[in-house]
Amino acid sequence: MKLYKKIRIASVALILFAAAITGCTKLNETLGSNLNSTQTANAVGAAGVQLLLNAAYVDLGTPFTAQDHVFSLEENSTDESLVPTRGPDWDDNGVWRVIHNHTWTAAHSQVQSVFESLNKLNFDATNVLDFKPSAAQAAQAYFLRDLSLYFLLDMYGQFPIRNPGDNLLLAPKVLSGDSATQFIITELTAAIPNLPTSGGPSIATQNAGNTLLMKLYLNRGMFANRTSPTFADADMQQVITLGNAIINSGQYSYMANYFDNFNATNSGSTESIFAYANTSGVSANNSGPDAFWMMTEHYNQEAAYVPNAGWNGFSTTSDFYNSFGAVTPLTGVTNFPNVSAINNPDTAVDSRLGGRYYNGATNISGQRPGFQIGQQYDVNGVALMDRKGNALAFDPTIASNMIETGSNLEVTGIRVPKYVPDFTKGTTYYEGPSGNWVQIFRYPDVVLMVAEAKMREAAPDNAGALALVNALRTARGAQPMPSIALVDASNVDDPGTMLAERGRELYWEEMRRTDLLRFGVFNVIWQYKPTDAPMYDIYPIPTADLSANPNLKQNTGY
Amino acid sequence: MTTTRFLRVLLLCPLLLIMQISWAQNTTISGKVTDDKGAPVAGASVLVKGTKTGTSTDATGNFTISVPPSAQSLTVSYVGFGAQDVSISGKTSVTVTLTTSNQNLNEVVVIGYGGVRKKDLTGAVSVVGAKDFNQGGISAPDQLVQSKVAGVLVTVNSGEPGAGTTIQIRGSSSLRASNNPLYVIDGVPLDGRNAEPQATITGFGTTPASNPLLFINPNDIASISILKDASAAAIYGARGANGVIEITTKKATASGGMKIDAGVSYGTYAGYMKKFGVLSSSQFVNALTKYNVPNADSPFINGGHSTDALNAITNSTVTQAYNLAISGGNENGRYRASFYASDPQGFIKNTGLDKYVGTFSGTTYGLNKKLTIDFNLVEGNVGHTFTAIGNTVGSQGDAITAALQWNPTFSFYNPDGTYNQPTTGTGNPLALIGAVNDRAVTNTVLANISGSYKILPNLEYKLLYSINNSAGSRNTNYDGWLSGYSGISGLGLGVIQNAKLNSQTFTHTLTYNANITKKLHLTALGGYEYWTSQYSANAFGATGFNTNLTQQTIVPVLYTSMLQDGNTQFLPFTYLDPKIEIQSFFARAILNWDDKYLLTATLRDDGSSKFGANNKYGTFPSVAGRWTVSNENFMKNSKVFSTLAIRASYGITGNQEYPAGSAEEQFAFSAYNTFGQVNVYNPNLQWEQTTSTDFGFDYGLMKGRIYGSFDYYDKNTTDLLYQSQAIQPAPATSTWQNLNATLSNKGFEFSIGANLVQSSNFSWDIGFNIANNKNLLTNYTGALIQTGQVNGQGVSGAFAEAIANNEPLDAFYLKPFQGFDNNGNQIVDSAGKGPVFAGDPNPHTLYGVSTTLRYKKLSLLINGGGAGGFLIYNNTATSVTDISGISKGVNIGTSAYNSIEEPSSAVEASTRFLESGNYFKLRNVRLQYIFGDVAKVVKNLSVYVSGSNLFVITKFTGFDPEVSIDKSNGGYPSQSIEYAPYPTGRSIAVGLNFSL
């Protein structure tokens, strides 16, 4: 009896044990919040492809709205912008100064983050193509991918490219040189007919596609030979044809007030061809472009409504400011202590300089968008002070080595809040995000590209170019130019050039470096850049990315 | 659902069984236990021989035990003494004299899935019993063994109560941020994560992570085993590579009725253990003159008061802790229940950790005592109150940086009683502390039940089921009256976060324990385990509230109680981690030939849902041998060695601490109709593998009065898990990969203990341990990885450390500092060559020392320890207390003031801020007086006064050289960086313990 019981219990135990072992799990991993690709194909379906496409659109935010991404590489590396080290502030181990100095290395954090954020756009756009998009969705995905490839090619001289469905653990192929330009042109040209013809600047329309195509044709000669670019007549004809089609479409016109293109309600700008959308107070996947004014404003500007609205960093060079012409003395255009002075006495001065009363900003905070020089005032016309109790009067002179040490280190440098701070909530506290749309392609750029191509075509049409430029200048309240040259190689900021006109219209819009390269003057010496070498015409492939993909080749000199 | 029912039934059964305990006609035996010098031995175990019925001696060495009529003798044992059997037949009282033996080889050591006799131990296992634990100010179990075990670095990350700990057993063997060992409590492996949500508020940085073991009552722990080498840890296979910490909780030993142990303590803080040097108000005024600060007379620069912000933010209220344990049982079953309540206030105002823990454990027998059912239940409720102290804050938003920078000539308050909130600097630290209401409450249940059945006298089957459920919620409120903070000022901010962590374990084991021949003993173990765990979280919040926007109109209603009032609602966020499943088969055999030659072989086969499809299972073997030389005939009469044993082991362990889902292709939804790929399919992803070799010997001299061990080890970790640079174009900047490189840790450990004096009136014990470790990454061909974020104004994007080939992990990598120019500006990297490798943040030497002095009923316990051979990067001095502050009217550090630097000098991260980290810390001192039994009811009364963190000897100029602020970058850990940490307070407590 006892033995029987023993055996019975032992057997039960062993059975339990065996059952546990044989009943084991297959250890297949199921995701909690996320989906795998099969589930993705099933769950999002045809309509859901739009969600994947939306993700690619959202990818525009990081590279194009942060002060330390494309803005830094395209603007701080030029005469248009620099970030002096202000005593304890903004040294950040020299990251800003080396960009302006042209002494960066492959380990530079911004060089890496731009490469990666543009490739994220490349990736997400490519991925859309793997989920049976409609023709219009596929065309938009191609456009977004081509936009990222254009910027990668411009900055790094090469780009990695994957086909939809490729094994992501394998290194993708890399295109460089003219075959890279041709790849983008071919892909984009095929996609454009399927792009939507309307829908506003926040989606890739055919006009957006054609603008990107113009940029590819215009810069093709520069991409092929950065030290001495030459421009094929066929490419210039393409630029003129594509540009004229946009101009003649009648869809775009110059805004009455230049800064209305950059304020918090600029979604209705009639100059906007392609833009990154934002909504005031709504964090639709991004934080809005408030960095564009915070990075340049002094700490004490608008302190009452927007705490820490100013980071007191980015400035422009006085030489660039002077490219607006002799009518604009370095003391600044207008310094009205009188806030009610809505009408400016100097209407003949180029309105793109700003510094004037701006409804919606000056009447709320005293802020005047555009270039800020000299004493700044609050909303009541009271002169502002810096944190040390000195007059908050921006001084155009920056230390030659960009390291500010004097007692005025907080106020050196001309400031450029081109995007108008978002005061759509009036005098209540700014909560962010800002509603300003980020202008990626603007109509005047198309006009100026056509004008430039006319000057570069085999039989240059300088008169035609000048007419386009002067029509734009008139719209901006600037005097017409009697004549125009392409560039003055001895002075990049010579006011009488097409390069200067592009600077005056498109300053701080993330394309100055490309322009300087195309005009062959990126290596000349300018303010606060004592030396240079041709290797800096191309950014290096970031060290980390170079080691991840053996198909990438480090650019010469790095 | 079935598991819940199963659990319910299993939990009820033992309760019923206990209630059925029959009360036979027992007799009572009383006795006294002393050591060989006649001194009473408190806490000795007294068992009825051959049963689990027993009790323990009180502080005077006395015991009484109720024994069944059948009992013939008692077994008396205590750690450090040889066990003794005494006959009780016909006696009512006995006196037992134990002989000292620190080589008590029959003592059972917990080594995973059961215990082994110490004499059967072949691996490097260190055991610390309750009597050797650190005392005072303990919020988590790992602090109990700080500096107690050679080669184990336990760094409490900051002085905050409940702060996380960084534990490295024999050096750092991972590139990842989560590098902690596996915790096993009473046989249940834990997840290692924590359900307490971490808060990251824009502008305020991320609050530090908390210790995941806060739900344990330190008074419930009987012993902690640390499995250091592969021989010991390989039984935990893919989770054992960083070592294993096994915690065994106290079980009832009493018989013959209920025993109640109670304790109460009161504590407070007595200032900083070490204060960061900043200028006093008079020094500050002098500095204004010295540096020719413009407008020095303006009230923006010189407020005319004299304040000390570092003192003002500290707390000295009395905190209390209560502890109660009830235990009892007889030969049919035992039970123990304990309760713990404490409300430690933090050293900084408005912070703290309140803790309520209840446990219930027991054992009952059935089926002719062939069946043993054990159960343990721990329920811990931990409330954690935070203030604005973060790891990675920039230029403002941290109470510590605000206190360091507070202009000492400013008053904290305006004449009307409101906070003075000057616009310069980082803000008023008291206002910051007052405006933040941030509290997390985490409820953790750890329950396990096991049934063991003796199929044959030598063969036992055991089934263990456990559930560990933890739910945390956190309500974070930042009042809108706080001025100068974008997104907070004038708006207010409220965020509610919830997190859940649920783990379950099923373990089946078969144990065979027999003498094969007269001389050959075999202990064999085979088992199967299934472990699963899942984490989920959600968060929602709002800003733009209508209340508490001015200091004059504050109402005591938290934003998180009325989020609907916020004008702007944040997008709600929910997240469910992939479920982790691990199933394992394991086996272990220990062969003992005549107590001279021992061999242990272990094998574990682990499958994990986290591993890629091509590598679902990994095999982890180990083998170890031991030769007990002192048991050989030629050594038996040695006058020198009472014990000498030589050990060697080799084995492979794994590590799989990377996020679940890393091997899978993943697409994620995010806000506003977007959906995109976030992770790349990687079927090859597998565990990280550590191969280790250990040689050691254990020794005992002078009849065991001097004892200790020595170990040399060599660990090599390959297939390192790391977040590799993704191949662009990619969905994310990095993906988890197994890196083809080797991270090696080589070193030695030495420990020695001695009973220097042993007499009936006076005894003096001393223990010392020291370890040396060298860490190096080799065969790494990837790009240098920067880590160790340097934070603060002017150093955005700067890093202090790097992971690179032929360098120790996280080696300092900084631009060289080259002094000052004629204008007092610092010269950094004048050649423009960039950063250089500048030293090692990994301590090379760890040591600990402890001593116990006893004179009659008075005893003094002193524990200390330290580390050496490493550098600390002082990020606080770089960008918080730097010289530039003086010209803005904020305070600066005394070291900045005493340099020739001028305020115009740029802020730069450089080798200038590397400091020697060498330190010795007096961890705690406890003076205790034992009254013994003071009345018929009150027994074993003792009172004590104890102090923790009393002083530190170091040249480091920061708050505490034992610091590990999480400055990781992209998941790569940082080490030894100080950045305005929660400071360490010197704490004092008095308490009393007694039994009923």
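**Close-up 1. Helix 16 of chain A and the residue that follows it in the predicted model.** A:Trp508, which follows helix 16 of chain A, has a positive phi near 60°. Helix 16 itself spans residues 498-506, and nine of its nine residues are buried, so this helix is largely enclosed by the rest of the structure. Among the buried residues are the charged side chains' bearers A:Glu501, A:Arg502, A:Arg504 and A:Glu505, together with A:Met498, A:Leu499, A:Ala500, A:Gly503 and A:Leu506. The buried residues of helix 16 of chain A pack against helix 12 (318-322), helix 14 (443-456), helix 15 (462-475) and helix 17 (512-518) of chain A, and also against strand 8 (438-442) of that chain.

**Close-up 2. The packing of helix 7 against helix 8 in chain A.** Two packed helices are described by the angle between their axes and the distance between the axes. For helix 7 (residues 135-156) and helix 8 (residues 177-191) of chain A, the axes come within 9 Å and cross at roughly 160°. Helix 7 of chain A is therefore roughly antiparallel to helix 8 of chain A. The crossing between helix 7 and helix 8 of chain A is left-handed. On the side of helix 7 of chain A, the residues that meet helix 8 include A:Ala139, A:Phe143, A:Leu149, A:Tyr150 and A:Leu153. Helix 8 of chain A contributes, among others, A:Gly177, A:Ala180, A:Phe183, A:Ile184, A:Leu188 and A:Ala191.

**Close-up 3. The surroundings of A:Glu187 in helix 8 of chain A.** A:Glu187 counts as buried because its relative accessibility is 12%, which is under the 20% limit. Apart from residues up to four places away in sequence, A:Glu187 touches A:Tyr142, A:Arg145 and A:Asp146. The side chains of A:Glu187 and A:Arg145 are joined by a polar contact of 2.8 Å. A:Phe143 lies 44 residues from A:Glu187 along the chain, and the C-alpha atoms of these two residues are separated by 8.5 Å.

**Close-up 4. An open three-stranded sheet in chain B.** The strands of this sheet follow the order 4-1-7, with mixed pairing. Strand 4 (62-67) and strand 7 (93-98) of chain B are the edge strands, each pairing on one side only. Direction ignored, neighbouring strands of the sheet are turned by 30° against each other on average. Strand 1 (residues 27-35) of chain B pairs with strand 7 of chain B in the parallel sense over six bridges. Within this pairing, B:Thr34 stands opposite B:Thr97, and B:Asp35 stands opposite B:Leu98.

**Close-up 5. The two faces of strand 7 of chain B.** In a regular strand the side chains alternate between the two faces of the sheet. Strand 7 of chain B shows this alternation: B:Val94, B:Val96 and B:Leu98 point to one face and are buried. B:Ser93, B:Thr95 and B:Thr97 point to the other face and are not buried.

**Close-up 6. B:Ser899 in a loop of chain B.** The loop that holds B:Ser899 runs between helix 10 (894-897) and strand 51 (914-916) of chain B. B:Ser899 has a relative accessible area of 16% and is therefore buried. Its side chain reaches the backbone nitrogen of B:Glu901 at 3.2 Å. With neighbours within four places in sequence left aside, B:Ser899 is in contact with B:Lys290, B:Tyr291, B:Phe820 and B:Arg912.

Definitions and conventions
Residues are numbered from 1 along each chain as its sequence is written. Chains are lettered from A and ligands numbered from 1 in the order in which they are written. This is a predicted model: local features need pLDDT of at least 70, side-chain atom pairs count only at pLDDT 80 or more; totals for chains, interfaces and linings use all residues. Side-chain values use heavy atoms; hydrogens and water are left out. Two strands pair if DSSP finds at least two bridges between them. Helices (H or I, at least four residues) and strands (E, at least two) are DSSP runs, numbered from the N terminus. Axes are lines fitted to C-alpha atoms, for helices over the stretch in contact, and angles run from 0 to 180 degrees between N-to-C directions. Buried means under 20% relative accessible area, exposed over 50%, partly exposed in between (1.4 Å probe, protein chains only). A polar contact is a pair of N or O atoms within 3.5 Å; within protein, one must be able to donate a hydrogen and the other to accept it, and residues adjacent in sequence count only if both atoms are side-chain atoms. Contact means heavy atoms within 4.5 Å. Angles under 35 degrees count as roughly parallel, over 145 as roughly antiparallel, 65 to 115 as roughly perpendicular and the rest as oblique. A crossing is left-handed if the near helix is turned anticlockwise from the far one by less than a right angle, and right-handed if clockwise.
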